[in-house]
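Hi everyone, thanks for making time today. I'd like to walk you through a structure that may be new to you, so please have it open as we go.

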Amino acid sequence: MTETLSWARARRIALRAQGMGPARRTARPSSRRGSLQALAGTLQRTHLLQIDSVSVFARAHHLPVFTRTGSWDPAVLDTASRPGEQRLVREALAHEAAYATHEVHDLLAFRRARARHRDWEAVRRAARESPQLLDEIRDVVREQGPLSAAAVSRHLGDTDRGEGWGWRRTSSQWAVEYLFRSGELDCVGRSSQFERLYMLVEGAPRAEDLPAPPTDGSADPAALRALVSLAARAHGIAQPSSLADYFRLGQTEVRPAIEELRRSGELREVHVELPEGPRPFLLHRDAPEPAPLRSAALVSPFDPIVFHRPRLQTLYDVEYRIGIYTPAAQRSSGYYSLPFLQGDRFPARVDLKADRARGVLEVRGAYREELGRMRPRERPTVESIVPALAGELSRAARWQGLETVEVLTGAGTGELSAALAAVVRSGSEVPQPA
């Protein structure tokens, strides 16, 4: 008989599998080692940190460590992504652009093989016009690196970015991207403009000299099985679509891996009692116990907890659309709102801006989630949300080196803004996080 889990127990398994639950720091560790341990502990759970350039509050790849462990020094990620004995991550196309563990980077070799032979029309056109372009790029990077794609382009005197908007790159920049995605170039850091800095991968064969992958596009079955296993452990409990999405794999190509993991006993089917009725999920054999959580944490919209939007809606009853890709007039909850986790639910989201000149964490909006599929008694009340959120904002401000929290109120700032502003203004009523 198939085991049945409640909706709440499924959420708790999912959150604990991602490393939520333990106490979080308010003060930064006094040593680099403490921050490095926080980073390593997060990666042990997530296997990747999705990268995003927006820094209106904090960069998306810095937030997952804060969400799980509290304050830490993100500078350790810069050193942990550079070549050397202490390197923990390499930039890869894992779940979009991400810092991935060495294990994940190695398992994604088939993706780099595919990239070598995909139809890079801009690169093919440039190669026809300048047959030595790839070799010229290799020479410049070998002699001058680390270099950004823009710097390579300038060295080669290539300034034609074409017309229009969007991804307007020179031919050289497209060729650099090709060499990175195909595995010849390694990203060894980021510039002050957040551009990738490239070096040649020692011993890597020339991309154009390598044989094409199988014509059916199939990947190494062992690599797929290992990636699905990592995704399943990271999720704790998941549907097949979420297992595929974790490393941006096709649902069809992961199906044999899922079946193999089921036969081996690593995964087993359970039913989760959702409001619309029981639905099948896959439970990992090492999934954590579904003990209640006392979490109160800000979560990046690109955190593995929430980055598969259908999973966010199914498990947590939250429909999320990030404002940065939405015209201002159509935004319902600000420019870059962060979901707020309280216990095993997401009852709110906040639109934050770090005003570093004034030393202020500005809350531009505080919005309550509808949670319409939950029964009224299951939804956190305003009286419970606001103090918990105020405490987390205090922790976030301190992490970012900001002195105060300032909450905007009025039209468009959300249902929670007035109550939150009152608690923050009172000062003494703002709970100081542990």
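I'll talk about one helix, then two cavities, then a pair of helices, and finish with a single arginine. Please keep in mind that what you see is a predicted model.

Let's begin with helix α14, which runs over residues 309–316. Which of its residues are buried? They are R311, L312, L315 and Y316. Looking down the axis of α14, you'd find these buried residues within an arc of 105°, so they line one face of the helix. There is a general reason to expect patterns like this: an α-helix has 3.6 residues a turn, so residues three or four places apart point the same way.

What covers those buried residues of α14? Among the elements doing so are the helices α1 (7–17), α11 (221–235) and α12 (240–246). Strands take part too, including β7 (237–238), β9 (277–284) and β12 (345–355). Just after α14 comes D317, and the phi of D317 is positive, near 65°.

Now for the empty spaces. How many cavities of 30 Å³ or more does the structure hold? There are 2. The largest has a volume of about 40 Å³. You'll recognise two names from α14 in its lining, R311 and Y316, and with them come A14, Q18, H235, P304 and I305. Sorted by class, that lining has 4 nonpolar, 2 polar and 1 charged residues.

The second largest cavity has a volume of about 30 Å³. Around it sit A232, H235, G236, I237, A238, L243, L267, L282 and H284. Two or more of these lining residues come from each of α11, β7 and β9. This lining divides into 6 nonpolar and 3 polar residues, with no charged ones. Notice that H235 lines the largest cavity and also the second largest.

H235 turns up once more where α1 packs against α11. These two helices meet at an angle of about 115°, and their axes are 6 Å apart. On the α1 side, the contact is made by I13, A14 and A17, while α11 brings R233, A234 and H235. By class, the residues of this contact are 4 nonpolar, 1 polar and 1 charged.

Last stop: R90, in strand β3 (residues 89–94). Is R90 buried or exposed? Its relative accessibility is 17%, and the cut-off for buried is under 20%, so R90 counts as buried. Setting aside neighbours within four places in sequence, R90 is in contact with A98, Y99, A100, H102, H105, D186 and V201.

Thanks for listening!

Terms used
Residues numbered from 1 in each chain as written. Predicted model: local features only at pLDDT ≥ 70, side-chain atom pairs only at ≥ 80, totals over all residues. Heavy atoms only, no water. Buried < 20%, exposed > 50% of the residue type's maximum accessible area, 1.4 Å probe, protein only. Helix = DSSP H or I, 4+ residues; strand = E, 2+ residues; numbered from the N terminus. Arc of directions from axis to C-beta. Contact = heavy atoms within 4.5 Å. 1 Å grid on protein atoms, 1.4 Å probe; cavity = no way out; pocket = protein on both sides within 12 Å on 5 of 7 lines; lining within 4 Å. Points joined across faces, edges and corners; volume = space filled by probe spheres on them. Nonpolar A, V, L, I, M, F, W, Y, C, P; charged D, E, K, R; others polar. Axes fitted to C-alpha atoms, helices over the stretch in contact; angles between N-to-C directions.
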